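Q: Could you pick one part of this model and take a close look at it with me? I'm new to this, and a slow, step-by-step tour would be great.

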Amino acid sequence: MLEKRLAWTCFALLVVLITSTFGYMVLLDATFADSFYMVVITLSTVGYGEVVPGIEQNDGARLFTVLLIFTGMGLLLYVVSAFTAFLVEGELTDILRKRRMQRQVDAMSGHVIICGSGAMCAFALSELTDSGCDVVIVDDDEERLALLHGHEVDLPFFKEDPTNDEVLLRAGIERASGLLANLTNDKDNLFLTFTARQLNPDIRIIARGLEKHLEERLSRAGADSVVMPSKIGALRMVSELLRPKVVDFLDRMLRPAGADWRFGEVPVGEAANGRTLGSLGIPGRFGMPVLAVIDEAGEVTYHPKEDTTLSTEDKLVVLAEMAQVREIQEWVAKG
């Protein structure tokens, strides 16, 4: 790697500067400043003249200078050529970009990590960014990453192995709220799911499954939910066949022209614990009804009444524009 070669060459040049300086100090009985000056004017080929008297009669010092010219000049030229290649090949720009990106990731909390790329991740990325989520992408396939770059250029990404613990830690998995395991095969998704669960026991993990028999293993490895694209695609096709108007209605409801409607999930939290649904006044304030209440066990109450008592782990399901969903979340959080 050019960066490592440049670092080692600079280190070697520094060693030559230091040893040559002390060499002149010993051979010519000179001060550190004079000896260092001799080394610099020798390597730079400036040649202002020897500042230390007696070097013309000192065969050892003259031989030492010849050796310094051959070794030091060779190293200096290599450093210059390596640094030029470093700039021309864009590695310096890439290093600076990676450091800037790492600072950006380090400042994130509650973000979502997408492991994998390609068309499916592009759709997921679009939905997440539209929902106002911070996203970090991890994948080691440059061609698939290029597809996402065309979608969101400024998003932080790591072109590295998503199953590597160190890479996930640098992606901020300990502070992340969710992870999408969308690698190219189930075994990698299985290992990624297990690793992510070990690094962050509280993170929500959604894994893609290709083979039906591995769905249960992904769940046991720590996936909160397993998505089977083939199964979902088949259900969609059947729904389009049997219930085309309903499917069209749902599509229009989620993405109507000129709006950005979504089913939103609103956590009840501590502030609204023990209160009734009617006391929150969501329909009157926002003009949006609460469609359902989901309790901690996953039981759903459709069209909940105003006297429904809420608890901390409950979730309210609303249908509104994303901006309104966030406003409702903030309103409920205040109690």
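A: Let's start with some words we'll need: a residue is buried when its relative accessible area is under 20%, exposed when that area is over 50%, and partly exposed in between. Also keep in mind that what you're looking at is a predicted model.

Our part is the set of strands around S10, plus what sits next to them in the chain. Here's a bit of background. Strands of a sheet pair through backbone hydrogen bonds, and the pairing can be parallel or antiparallel. Find S10, residues 315-321, and then S7, residues 261-267: the two run antiparallel and are joined by seven bridges. Strand S8, residues 290-294, is also antiparallel to S10, and four bridges join that pair. A good place to see both pairings is leucine 316 in S10. Valine 266 stands opposite leucine 316, and valine 293 stands opposite leucine 316 too.

Stay on valine 293 for a moment, and look towards S9. The bridge partner of valine 293 in S9 is threonine 301. S8 and S9 are an antiparallel pair as well, held by three bridges. Together S8 and S9 make a hairpin with five residues between the strands, and glycine 298 in that hairpin has a positive phi near 95 degrees. Carry on along the chain past S9 (300-302) and you meet histidine 303, in the loop between S9 and S10. Histidine 303 has a positive phi too, near 45 degrees, and this is a residue other than glycine. With a relative accessible area of 67%, histidine 303 is exposed, because that value is over 50%.

Now go back to S7 and look at its two faces. In a regular strand the side chains alternate between the two faces of the sheet. On the covered face of S7 you'll find Arg262, Gly264 and Val266, while Trp261, Phe263, Glu265 and Pro267 are on the uncovered face.

Phe263 is a handy link to the next stop, the largest pocket. That pocket holds about 1,900 Å³ of space. Of the 42 residues that line it, the closest to its centre are Glu127, Leu128, Ser131, Cys133 and Phe263. Which helices and strands supply at least two residues each of that lining? They are helix H5 (119-130), strand S4 (178-181), strand S5 (204-208), helix H10 (229-242), helix H11 (244-254), S7 and H14. H5 gives the largest share, with seven residues. Sorted by class, the lining has 23 nonpolar residues, nine polar ones and 10 charged ones. As for Cys133, one of the residues closest to the centre, its relative accessibility is 31%, so it counts as partly exposed.

H14 shows up in that list as well, and it takes us to the rings. Across the whole model there are three aromatic pairs. In one of them, the ring centres of phenylalanine 286 and tryptophan 331 are 6.4 Å apart and the planes meet at 75 degrees, so this pair is edge-to-face. The pair ties together distant parts of the chain: phenylalanine 286 belongs to helix H13 (residues 282-286), tryptophan 331 belongs to helix H14 (residues 322-334), and 45 residues separate them.

Are these two rings buried or exposed, or something in between? Phenylalanine 286 has 13% relative accessibility, and it counts as buried because that is under 20%. Tryptophan 331 comes out at 31%, so it is partly exposed.

To retrace the route, start at leucine 316, with valine 266 opposite it and valine 293 opposite it too. Follow S8 into the hairpin with S9, and pass histidine 303 in the loop that leads to S10. Then hop over to S7, where Phe263 sits on the uncovered face. S7 and H14 each supply at least two residues of the lining of the largest pocket. Finish in H14 at tryptophan 331, whose partner in the ring pair, phenylalanine 286, lies in H13.

Note on methods
Residues numbered from 1 in each chain as written. Predicted model: local features only at pLDDT ≥ 70, side-chain atom pairs only at ≥ 80, totals over all residues. Heavy atoms only, no water. Buried < 20%, exposed > 50% of the residue type's maximum accessible area, 1.4 Å probe, protein only. Pairing = 2+ DSSP bridges. Phe/Tyr/Trp six-rings, centres within 6.5 Å; stacked < 30°, edge-to-face > 60°. 1 Å grid on protein atoms, 1.4 Å probe; cavity = no way out; pocket = protein on both sides within 12 Å on 5 of 7 lines; lining within 4 Å. Points joined across faces, edges and corners; volume = space filled by probe spheres on them. Nonpolar A, V, L, I, M, F, W, Y, C, P; charged D, E, K, R; others polar.
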